[in-house]
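Work through the exercises below with the structure open. Try each task before you read its solution.

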Amino acid sequence: MSPAWHARDRLTDPAVRSASVSATKTSLTPPDDAVPPVRHPDAPAPGEPLGAHYAQCFGCGTEQPHGLHLDARAGEGVSVTAEFTVRPEHQGAPGLAHGGLLATAMDEILGSLNWLMHTISVTGRLETDFLQPVPVDSVLHLTARATARHGRKIYCTATGRVGGPDGPLAVRADALFVEVKVEHFVDHGRKDEIEAAMADPDTVRRARAFEVNP
Ligand SMILES: CCCCCCCCCCCCCCCC(=O)SCCNC(=O)CCNC(=O)[C@H](O)C(C)(C)COP(=O)(O)OP(=O)(O)OC[C@H]1O[C@@H](n2cnc3c(N)ncnc32)[C@H](O)[C@@H]1OP(=O)(O)O
């Protein structure tokens, strides 16, 4: 069977159609007894920069030469904003941002919601929609907010707009983060990097990494 036939069969197969049409409840939909996320009383004030949680983080680390250097700011409620400039080294197609790179920027801005809730969580699931190509040199205006919590699960959503905070939507993501203890990093990470992070002279960054998860 030719690939074209195969694709057409899939589109007309009732099982395939009903799966995509009826998939309104997924693992990214908070259950009915989920609760609203709570902003921690010591969270940074709206407009305040969050800084990096780890100097070598690919998303936000200030000492990571290959990184995105996202510098998120606290928003209202449990939300954050950031701007991300797409550079030539971020290309996938000529002159256009690589989709995986954009998903990474979404992952990072979503991860920075941790500091507003004073929780440590890691990405369990990240679903990204790419709505229009993002050219090199454009500034992606990112926002993320937590929408619900259920036990250790944190449901959150993010958008990336081009041309301004109210510009056209280029990327959208929904995610489920799972709360973890510091042991998650100690058990799975590498000793040298963990010890270096623990010795970080930046007290705010150290607090973000270690003190939010008693
Ligand atoms: C010492 C140095 C410190 C440094 C301190 C730095 C701190 C700052 C860190 C922040 C960093 C931010 C950076 C950006 C965010 C990343 O990029 S984080 C890196 C990418 N993510 C990962 O590496 C996570 C890898 N996955 C895992 O470790 C584990 O699978 C997880 C996610 C922790 C879950 O495992 P688990 O703890 O055994 O939990 P489990 O019981 O399986 O699941 C708990 C619940 O979540 C649900 N769940 C789990 N996974 C999924 C999934 N994929 N889909 C749907 N539901 C799921 C389960 O169904 C379950 O639901 P309930 O039964 O409670 O209803």
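**Exercise 1.** How many bridges join strand E4 to strand E5, and do they run parallel or antiparallel?

*Solution.* Keep in mind that this is a predicted model.
- Step 1: Find the two strands. E4 covers residues 139–150 and E5 covers residues 153–162.
- Step 2: Count the bridges. There are 10, and the strands run antiparallel.
- Step 3: Pick out a facing pair. Ala148 stands opposite Tyr155 in E5.
- Step 4: Look at the turn. E4 and E5 form a hairpin with 2 residues between them. Gly151 sits in this turn with a positive phi of about 60°.

**Exercise 2.** Move on to E5 and E6. How many bridges join them?

*Solution.*
- Step 1: Count again. E5 and E6 share 9 bridges and run antiparallel.
- Step 2: Find a facing pair. Lys153 stands opposite Val178 in E6.
- Step 3: Check the turn. This hairpin has 6 residues between its strands. Gly163 lies in the turn, and its positive phi is about 85°.

**Exercise 3.** Which residues come nearest to the ligand?

*Solution.*
- Step 1: Take the whole shell. It has 26 residues around the ligand.
- Step 2: Name the nearest ones. They are Ser27, Gly111, Gly124, Arg125 and Phe185.
- Step 3: Sort the shell by type. It holds 12 nonpolar, 9 polar and 5 charged residues.
- Step 4: Trace the sources. Helices H3 (99–111), H5 (183–188) and H6 (191–198) each supply at least two shell residues, and so do strands E3 (121–130) and E6 (169–179).
- Step 5: Find the largest share. E3 gives it, with 4 residues.

Note on methods
Residues numbered from 1 in each chain as written. Predicted model: local features only at pLDDT ≥ 70, side-chain atom pairs only at ≥ 80, totals over all residues. Near = placed C-beta within 6 Å. Nonpolar A, V, L, I, M, F, W, Y, C, P; charged D, E, K, R; others polar. Pairing = 2+ DSSP bridges.
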